[in-house]
Amino acid sequence: MTKYFIMISILSLFSCKPKTEESLIEKENKVVNQEQHPLTTLEEATKYVEENFTKNEETLWISDYLNDSVGVNMAIITDHILGKNYMPDSFEQKEGYRIYKYKK
């Protein structure tokens, strides 16, 4: 169990790569149209993943408050995401939150 948790933590911390400036603008325009807001609780984030991750590409807005320094919250959320056969693609840092991107 501990080995699995460490593996998920490492995956969530090091597998994401920032996008280039051009693709950030394109993705941001699409995300704004979704009228999303950053998720602030672990329960809210895991519920969102379970109910909404249905396309080949998905985004997840996570509040900086939920991004704890150890990475436990993101490890738990990533466990749910991996369970739905998604892999981290990249992330964008915004003021007060991050937009994580995932692909099947």
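**Notebook: sheet, helix H4 and core**

I looked up Ser63 and found it opposite Tyr97 in S3. The model is predicted, so I kept to its rules: local features need pLDDT of at least 70, side-chain atom pairs count only at pLDDT 80 or more, and totals for chains, interfaces and linings use all residues. Residues are numbered from 1 along each chain as its sequence is written, and side-chain values use heavy atoms, without hydrogens and water.

I noted that helices (H or I, at least four residues) and strands (E, at least two) are DSSP runs numbered from the N terminus. S1 and S3 pair in the antiparallel sense over seven bridges; pairing requires at least two DSSP bridges between two strands.

I then traced the open sheet of three strands, and its order is S1-S3-S2, with antiparallel pairing. S1 and S2 (87–94) are at the edges with a single partner strand each, so one side of each has no neighbour in the sheet.

Next I checked H4. I found that H4 lies across S1, S2 and S3 (contact: heavy atoms within 4.5 Å). H4 runs at about 165° to S1, with axes fitted to C-alpha atoms, for helices over the stretch in contact, and angles from 0 to 180 degrees between N-to-C directions. Its buried residues (under 20% relative accessible area, 1.4 Å probe, protein chains only) include Ile77 and Ile81. Just after H4, I read a positive phi of about 65° at Asn85.

Last, I looked up the largest nonpolar core (buried Ala, Val, Leu, Ile, Met, Phe, Trp, Tyr and Cys joined through side-chain atoms within 4.5 Å), which has 14 residues. H4 supplies the largest share, three residues.

Notes. Buried means under 20% relative accessible area, exposed over 50%, partly exposed in between (1.4 Å probe, protein chains only).
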